Amino acid sequence: MAFRTHTFQQNGFDIFALQDTANNTQVEIIPSLGAALHAFTIPHNGQPLNIIDNYKSLDEQQQQLTKSFKGVKLSPYACRIPYGQYKWQDQAYQLSRLAPSGHAIHGLLYDAAFTVLETITNEREAALVLQHSYKGADPGYPFAYDCRVRYSLQANYTLSVSTTLINHAGTAIPVMDGWHPYFTTGTPVDALELQFASEQIVEFNEQLVPTGQLLPCKDYLQPQLLKDVQLDNSFLLHFTHPGPLCTLFDPQQRIAIDFYPDHNYPVLQVYIPPHRRSIAIENLSAPPNTFNNGMHLQQLPPGGEQTFTTRIQVRLA
């Protein structure tokens, strides 16, 4: 059987690996640190190539996590909630976990420890199921829920990531799901091309918070060279588009990374950091500040659950 799992320690991290021995592909996850995707390594020109920009050591992760949030789970909200304030069912809430800017950023689980629930190996996949049971510790989000993440390495350089949120609060709760992987092929971002199926961009104010308006934007319906392009934006995906809904292509290395989010991930967030060595391509269930603006806001009834899935496939041209 080509698929297997194993664990190992490296640079301070306890790593869980999913492996496809048929094509020397390996996915690495760090359960104890926000269920982070640490590596997605493929063979390229006779050498292993990790297409995930990760933290090189535990010390680096601890120093830089709240600046870059590489690879981690974003839950129960993603991106920004201005000043950590929102209203739900006519009650005002104030999140206590705030960034130095004074805003709430990227949820409450990005550094949480996830428990391994299950490992699966068969003819189709090597998979890992993780869970964090949030007990409502932050007074600004006093709603208990489970966040269950399933990583599945499949044939043909394919990784599927599913997140299931399960409400244990006894009342309806607001949720937004997201994830923050950075991708790299070893080529500077300025030499890469990006294409995705969107005709609308979410208008942001100066704080990168949606104004509530959608603007026309068809720039990326065809591949666009990213040279000198600045991106920290949300786009609404067009699900009738054939094929992958997003493709990052490296013309030099002849590597394409295709994204296939399901309908529960209607928003594509793209961010190019100042160093321009990698690019964050994030599948989101809603735009930023959805707890306030209500755009694509998900509401879970008591005992209810919702699953969000995206699939990433690497093509070697």
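1. Salt bridges. Six salt bridges are present in the structure, which is a predicted model. Three of these pairs are taken up in the points that follow, together with the burial of their residues.

2. Lys70 and Asp53. These two side chains meet in a salt bridge with an N to O distance of 3.2 Å. Lys70 belongs to the loop between helix H1 (58-68) and strand E6 (73-74), and Asp53 to the loop between strand E5 (47-50) and H1, so the contact ties together parts that are 17 residues apart in sequence. Both Lys70 and Asp53 are buried.

3. Lys73 and Asp177. A salt bridge joins Lys73 to Asp177, with the closest N and O atoms 2.9 Å apart. The pair links distant parts of the chain, 104 residues apart: Lys73 is in strand E6, while Asp177 is in the loop between strand E15 (173-175) and strand E16 (178-179). Lys73 counts as buried because its relative accessibility is 3%. Asp177 counts as buried as well, at 0% relative accessibility.

4. Glu125 and Arg150. The closest N and O atoms of this salt bridge are 2.7 Å apart. Here too the pair links distant parts of the chain, with Glu125 in strand E12 (residues 125-134) and Arg150 in strand E13, 25 residues apart. The burial of the two partners should be stated separately: Glu125, at 10% relative accessibility, counts as buried, whereas Arg150, at 29%, counts as partly exposed.

5. Nonpolar core. The largest nonpolar core has 91 residues, and those with the most contacts inside it are Phe40, Tyr141, Tyr151, Leu194 and Leu226. Strand E13 (residues 145-154) gives the most to this core, contributing five residues. Strand E13 is also the element that holds Arg150 of the salt bridge with Glu125.

6. Cysteines. The structure holds zero disulfides. For Cys79, the closest cysteine sulfur is that of Cys246, and no bond is possible because the separation of 15 Å is too far. For Cys147, the closest cysteine sulfur is that of Cys79, at 16 Å, which is again too far for a bond. Both residues count as buried, Cys79 at 3% relative accessibility and Cys147 at 0%.

7. The hairpin of E8 and E9. Side chains alternate along strand E8 (residues 85-88): Tyr86 and Trp88 point to one face and are buried, while Gln85 and Lys87 point to the other and are not. Strand E8 runs antiparallel to strand E9 (residues 91-94), and four bridges join them. Within this pairing, Tyr86 has Tyr93 as its bridge partner in E9. Two residues lie between the strands of the hairpin, where Gln89 takes a positive phi near 50°.

8. Strand E26. Six of the six residues of strand E26 (residues 279-284) are buried, so the strand is largely enclosed by the rest of the structure. Ile279, Ile281 and Asn283 point one way from E26, and Ala280, Glu282 and Leu284 the other way, all of them being buried.

9. Partners of E26. Strand E17 (residues 182-183) runs antiparallel to E26 and is joined to it by two bridges; Phe183 has Ile279 as its bridge partner in E26. Strand E25 (residues 267-271) is likewise antiparallel to E26, with five bridges between them, and Val267 stands opposite Leu284.

Note on methods:
Residues numbered from 1 in each chain as written. Predicted model: local features only at pLDDT ≥ 70, side-chain atom pairs only at ≥ 80, totals over all residues. Heavy atoms only, no water. Disulfide = S-S within 2.5 Å. Buried < 20%, exposed > 50% of the residue type's maximum accessible area, 1.4 Å probe, protein only. Core = buried A, V, L, I, M, F, W, Y, C linked by side-chain atoms within 4.5 Å. Pairing = 2+ DSSP bridges. Salt bridge = Lys/Arg side-chain N within 4 Å of Asp/Glu carboxyl O.
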